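Work through the exercises below with the sequence and the structure side by side. Each task is followed by a solution in steps.

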Amino acid sequence: MKPIRYMHLDVFAASPGGGNHLGVVTDATGWSDAQMQRYARWTDLVETTFLLPPTDPKASYRVRIFTPQKEIAFAGHPSVGSAHAVLECGLAQPKDGLLWQECGAGILPIRVEGGGPQRKLLLQSPDARVVKTGLHAHPLLAATLDSIDIGALPPALVDGGRRWWLAECADEASLRAWQPDHSAIGALAVTSGSMGLCAFARSNHPDYQLVVRAFPSGVGIVEDPASGAANGLIAAYLLHAEPNGPLARGYSVSQGREMGHDALLIAHIVNGTIWIGGHTNTVIDGTLHWSDA
């Protein structure tokens, strides 16, 4: 294969190295499904993305998203990071402040706010619905949450692009110190067909209003340092439960400090539409030499 520009990104970073890793192959033209999967397995990142020309004239570009095990239709931080790579490589330019990403979940808009090192990208979250609520909404839920105090809102199963159990915790300190039973979360995820559990707590910190910890045991990950899709579902649940509440127009999220990261995500809510995003750093920008022989 010809040499290809390859970027390793730090997505949703509040400080250098604080976000979520993403590898981006900036021109995967001619790559087969098997070649993409083999390379994603080799990088061993949570996700690796592959940029391609769009097949729909409405789209700015096309992206395929792979974990080390399989291709997935949609994920938050790979979408935001891929849009960053597109802009850095000059593969597309925003129109009326938007890029349009073609992926397995359809054509999704990404807002471009600002420019240069301070640029932020925000992905429009898919429509979400609250499937069920309450501590007894699933036979395994109460036991999974037994070791932490629940906050104002009842736990909920929310579906929108991906399916997560959400649980508000009583305060930031207890959530940050929580040592959950990961086997219990895994069993809950498997039996409910969900990604796992995403816990959140409100905060009075001047830089963020919500703290989030995500445990996607349903896909074999213990804890995720920065979760775009999951945060979109939290915003949807807060908007559903508290349409006139203090977070109904948006807020900032701290995530990942418990695992040595420092992510900051932004939730903007405009006329009921939820946008999740943040800042991306380019950590490595080089040339990929890859042979599938």
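On a 1 Å grid over the protein atoms alone, a pocket is an open set of points with protein on both sides within 12 Å along at least five of seven lines, a cavity is a set of points where a 1.4 Å probe fits but cannot get out, and lining residues have an atom within 4 Å of a point. Grid points are joined across faces, edges and corners, and a volume is the space filled by probe spheres set on the points.

The model is predicted, so local features need pLDDT of at least 70 and side-chain atom pairs count only at pLDDT 80 or more, while totals for chains, interfaces and linings use all residues. Residues are numbered from 1 along each chain as its sequence is written, and side-chain values use heavy atoms, with hydrogens and water left out.

**Exercise 1. Describe the largest pocket.**

Step 1. Its volume is about 520 Å³.
Step 2. Its lining has 30 residues; Glu 47, Ile 72, Arg 162, Met 195 and Val 219 lie nearest the centre.
Step 3. At least two lining residues each come from α2 (76-89), β11 (162-168) and α6. Such helices (H or I, at least four residues) and strands (E, at least two) are DSSP runs, numbered from the N terminus.

**Exercise 2. Check the length of helix α6 and decide how far it is enclosed.**

Step 1. The expected span of a helix is 1.5 Å times one less than its number of residues.
Step 2. Helix α6 (residues 228-241) has 14 residues and should span 20 Å; its end C-alpha atoms are 20 Å apart, which agrees.
Step 3. Buried means under 20% relative accessible area, exposed over 50%, partly exposed in between (1.4 Å probe, protein chains only).
Step 4. In α6, 11 of the 14 residues are buried, so the helix is largely enclosed by the rest of the structure. Among them are Gly 228, Asn 231 and Tyr 237.

**Exercise 3. Find the largest cavity and its lining.**

Step 1. There is 1 cavity of 30 Å³ or more.
Step 2. The largest cavity holds about 90 Å³ of space.
Step 3. It is lined by 15 residues, and Ser 125, Pro 126, Gly 228, Ala 229 and Gly 232 are the closest to its centre.
Step 4. The largest share of this lining, 5 residues, comes from α6.

**Exercise 4. Is Gln 37 buried or exposed, and what does it touch?**

Step 1. Gln 37 sits in helix α1 (residues 33-43).
Step 2. Its relative accessibility is 12%, so Gln 37 counts as buried.
Step 3. Apart from neighbours within four places in sequence, Gln 37 is in contact (heavy atoms within 4.5 Å) with residues including Phe 66, Pro 68 and Glu 71.
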